[in-house]
Amino acid sequence: MRQFEVFKSFEADRWYERNREGLKPKDDLTIWLIENYGILTKASRVLEVGASNGYRLAKIQERFGCEVFAVEPSKNAVEDGKKEFPKVNFYNITAEEMDFEKEFDLIIVNGVFCWIDRSTLLRVVSNIDRALKYGEYLIVGDFQPPMPLKNPYHHIKEYEIFTYKQAYKEIFLSSGLYFELATLCYNHDTKDFKDIDLKNLFCISLLRKQEIYIRQDKVL
């Protein structure tokens, strides 16, 4: 089984059950960026990829009054989310399966890319890009070591599964179609902003979808 198939089949539910008690509506750096950059209105459509039970989206909907949508492979998380957060629209699919007709004003991908199968990474990037309106915003949060790393995933023994750490924002920035507005970094294990351990460095970046090309005939 490929990595995304493992997560859709059983590991997404296992992850949710291990972490469900900590998944509560709360303020976090993602919401801090949204507030301080004033990027949402009541008319906005927000998508979170890997939204678990929708706790973050519920807080966003409550605060900004916008429409919120969750992509989540765990059936258990979706079932619980539908009961607890009825204003969140859930899709029980993986990032690889995303294919939305209507675009979004903000897409959040927080702590998801590190789980994505390398054979489908660029498909997921493409799916996210196609779902985001031009001129609107993408928040990418993930481990960001100084060089790409991969680690065996210790919760699964029966398959060879890895977590992959790299600066995922750079995939979008290098396209020339995204501009970086802000990045906040901290120690993932301690949540400390001062005691930064590079192997646990976690960064959340706010990007805007806008081409940054300079016309060659105007500068040469």
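**Exercise 1.** In this predicted model, decide whether E48 and R56 are buried or exposed, and then find what kind of interaction joins their side chains.

*Solution.* Begin with accessibility: E48 is buried, and R56 is buried too. Next, look at the side chains, which meet in a salt bridge with an N to O distance of 2.5 Å. This value satisfies the cut-off, since a salt bridge requires a side-chain nitrogen of Lys or Arg within 4 Å of a carboxyl oxygen of Asp or Glu.

**Exercise 2.** Work out which residues are linked with E11 in a network of salt bridges, and describe the surroundings of its members.

*Solution.* Start with the pair E11 and R14, whose closest N and O atoms are 3.8 Å apart in a salt bridge; these two residues lie three residues apart in helix α1, and are therefore separated by about one helical turn. Then add R18, whose side chain meets that of E11 in a salt bridge of 2.9 Å, N to O. The network links E11, R14, R18 and E158. Finally, compare accessibility: E11 is buried at 0%, whereas R14 is partly exposed at 38% and R18 is partly exposed at 37%.

**Exercise 3.** Determine how helices α1 and α4 are oriented to each other, and which residues make their contact.

*Solution.* First, the axes of α1 (residues 3-19) and α4 (residues 75-84) come within 7 Å and cross at roughly 55°, and the two helices are therefore oblique to each other. Second, D13, Y16 and E17 of α1 meet K75, N76, A77 and D80 of α4. Third, sorting the residues of this contact gives two nonpolar, one polar and four charged.

Terms used. Residues are numbered from 1 along each chain as its sequence is written. This is a predicted model: local features need pLDDT of at least 70, side-chain atom pairs count only at pLDDT 80 or more; totals for chains, interfaces and linings use all residues. Side-chain values use heavy atoms; hydrogens and water are left out. Axes are lines fitted to C-alpha atoms, for helices over the stretch in contact, and angles run from 0 to 180 degrees between N-to-C directions. Helices (H or I, at least four residues) and strands (E, at least two) are DSSP runs, numbered from the N terminus. Angles under 35 degrees count as roughly parallel, over 145 as roughly antiparallel, 65 to 115 as roughly perpendicular and the rest as oblique. Contact means heavy atoms within 4.5 Å. Ala, Val, Leu, Ile, Met, Phe, Trp, Tyr, Cys and Pro count as nonpolar, Asp, Glu, Lys and Arg as charged, and the others, Gly among them, as polar. Buried means under 20% relative accessible area, exposed over 50%, partly exposed in between (1.4 Å probe, protein chains only).
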